[in-house]
Amino acid sequence: MKIGQTTKIDKFQCLNCGHTLDLATSTTAERALPIPGDVSICVYCGHLGVFEEYGLRDLTSSEIYEVADDERVLAAQKNRQWVVDEVRKKTYS
């Protein structure tokens, strides 16, 4: 299940688990490079963040409500789970 383009980006760290991340996948095929204000979902732990010029920041309370039913965020979360499941299959089979 692929939901958009994936591209290499400058390295950043997840604000929750600390993993270094260097790829971004768009929720559309229109663009793959994140811009300030785009939502990030850590592929390792699922933590939501917001891209800024300097890296990531946590969502504000109002942003959490805003993205709770955003179809793009829900699709990205499903895609993340698919990736996790595929890695587990390859690791444990």
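This passage describes the overall form of a predicted protein model and the charged side-chain pairs found in it.

The protein contains two helices and five strands, and these elements follow one another along the sequence in the pattern β-β-β-β-β-α-α. The C-alpha atoms, when taken along the principal axes, fill a box of roughly 40 × 25 × 25 Å. For a chain of 93 residues, a compact globule would be expected to have a radius of gyration near 12 Å, and the value of 13 Å computed for the protein agrees with that expectation. Among the contacts with a separation of 6 or more, 44% are accounted for by residues that stand 24 or more positions apart.

With regard to the surface, 28% of the 93 residues count as buried. The protein exposes about 6,500 Å², of which carbon and sulfur atoms supply 52%. The charged groups comprise 11 positive and 14 negative charges, and the mean positions of these two sets are 9 Å apart.

Side chains of opposite charge can pair when their charged atoms come close. Five salt bridges are present in the structure. One of them is formed between the side chains of Lys8 and Asp22, with a distance of 2.6 Å from N to O. Lys8 belongs to strand 1, which covers residues 6-13, while Asp22 belongs to strand 2, which covers residues 20-25, so this pair ties together parts of the protein that are 14 residues apart in sequence. The two partners fall into separate accessibility classes: Lys8 has a relative accessibility of 58% and therefore counts as exposed, the limit being over 50%, whereas Asp22, at 23% relative accessibility, counts as partly exposed.

Further salt bridges involve Arg57, which pairs with Glu52 through N and O atoms that are 2.7 Å apart at their closest. The side chain of Arg57 also meets that of Glu63 in a salt bridge, for which the distance from N to O is 2.7 Å. Through the sharing of partners, these salt bridges join Glu52, Arg57 and Glu63 into one network. Within this network, Arg57 is partly exposed, with a relative accessible area of 22%, and Glu52 likewise counts as partly exposed, at 24% relative accessibility; both values lie between the limit of under 20% for buried residues and that of over 50% for exposed ones.

Methods: Residues numbered from 1 in each chain as written. Predicted model: local features only at pLDDT ≥ 70, side-chain atom pairs only at ≥ 80, totals over all residues. Heavy atoms only, no water. Salt bridge = Lys/Arg side-chain N within 4 Å of Asp/Glu carboxyl O. Helix = DSSP H or I, 4+ residues; strand = E, 2+ residues; numbered from the N terminus. Buried < 20%, exposed > 50% of the residue type's maximum accessible area, 1.4 Å probe, protein only. Rg over C-alpha atoms; globule rule 2.2 N^0.38 Å. Contact = heavy atoms within 4.5 Å. Areas by Shrake-Rupley, 256 points an atom, 1.4 Å probe, with all protein chains shown as cover. Lys, Arg positive; Asp, Glu negative; His and termini not counted. Charge placed at Lys NZ, Arg CZ, Asp CG, Glu CD.
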